[in-house]
Amino acid sequence: MITKDWSMQSLPDMDQQQFEQWQSLLEDRTGMRISEQRKSFLQTSVGIRMRELGYSDYQTYFEEIMNGPAAAQEWTTLVDRLTVQETSFFRHRPSFEVVEEYLSQRVSEFNKPIEIWSVGCATGEEPYSLAMLANAVLGEQGKSQYFGVTGTDISVPALAKARQGIYSQRKLENIDSDIRDRYFRSIGQQKFEVNPGLKERVCFARVNVLELNKAPMYGMDIIFCQNLLIYFRRWRRKMIVNCLVERLVPGGLLVLGLGEIVDWKHSDLRRAYTDRALAFIKHKAAN
Ligand SMILES: C[S@@+](CC[C@H](N)C(=O)[O-])C[C@H]1O[C@@H](n2cnc3c(N)ncnc32)[C@H](O)[C@@H]1O
């Protein structure tokens, strides 16, 4: 039932059955598991969206999401509300140091542009950080344009922000001032835009990591995937990471979030560089 003045009324509590229904839908479609402890987050996020649309009960809205005429579009909006998109430039420094070292060591070996993939890129800070790093390291060898970064995410609104490449001053506080001056320009009102030269080296696409079989990313030199797998069950984390390994070139670098996957090994990989980051190199003899 849709009631217009419902937005003025208080939110009903989701009962356990309703919670489990929403929880399974989200996990089936995105892999994300909302624990019992985060039930109030789920309830509030779904509730806010229901208020916006004028729905007064969870079941009607659920049916709309499943079978309504605008189900796909509505799901796209809701998923954006239910995903955690917290991110920042150069978020986990040791992981970026690994990428820097890898590029410095291998730059002379590359005989094609370097392909870098940021998986679960949220609003773009991570892929732009990788692009800044690649531009700087490769620039020392006169190859500053010799790379491309692809950022992928499930959230369409997050990707739209990433493509814009506009960030508040607060977001830039984590970046060294020389890098900030080199790669951003002020556009007023304490906003900064990524320079066009860097922007054109970065592209964005919607990819659900549960559907990596549909993703056209192959032959990647570096795959960077952080703060995404933590929301998934263990078996799913392993499945996704195994798929990512297939997308790496022999000799390629995989960087995951420290502690995000444990008791996982892959015969094509060796652990690399440092204990402060979770990085692996694919054997040169691997396919
Ligand atoms: C916490 S952010 C991590 C951003 C960035 N990687 C970082 O470490 O700062 C997690 C991102 O994963 C995305 N995500 C969640 N489930 C996904 C899925 N099934 N496929 C692709 N992206 C997903 C979310 O939309 C969100 O933008």
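The following exercises concern the two domains of a predicted model and the boundary between them.

In this predicted model, local features need pLDDT of at least 70, side-chain atom pairs count only at pLDDT 80 or more, and totals for chains, interfaces and linings use all residues. Residues are numbered from 1 along each chain as its sequence is written, and side-chain values use heavy atoms, with hydrogens and water left out.

**Exercise 1.** State into which domains the chain is divided and what distance separates their centres.

*Solution.* Domain bounds come from an automatic or database domain assignment. Domain 1 covers 4–82 and domain 2 covers 93–282. Taken over C-alpha atoms, their centres are 31 Å apart.

**Exercise 2.** Describe the extent of the boundary between domain 1 and domain 2.

*Solution.* Begin with contacts (heavy atoms within 4.5 Å): 10 residues of domain 1 touch 11 residues of domain 2. Next, take the buried area, the accessible area (1.4 Å probe) that two parts lose on being put together, summed over both. It amounts to about 940 Å², with 53% on carbon and sulfur atoms.

**Exercise 3.** Identify the residues that form the salt bridge between the domains, and the element that gives the most to the domain 1 side.

*Solution.* A salt bridge requires a side-chain nitrogen of Lys or Arg within 4 Å of a carboxyl oxygen of Asp or Glu. The count between the domains is one. Arg 233 and Glu 27 are joined by a salt bridge at 2.5 Å, N to O. Turning to elements, helices are DSSP runs (H or I, at least four residues), numbered from the N terminus. α1 (16–30) and α4 (71–82) each give two or more residues to the side of domain 1 that touches domain 2. α1 gives the most, with four residues.
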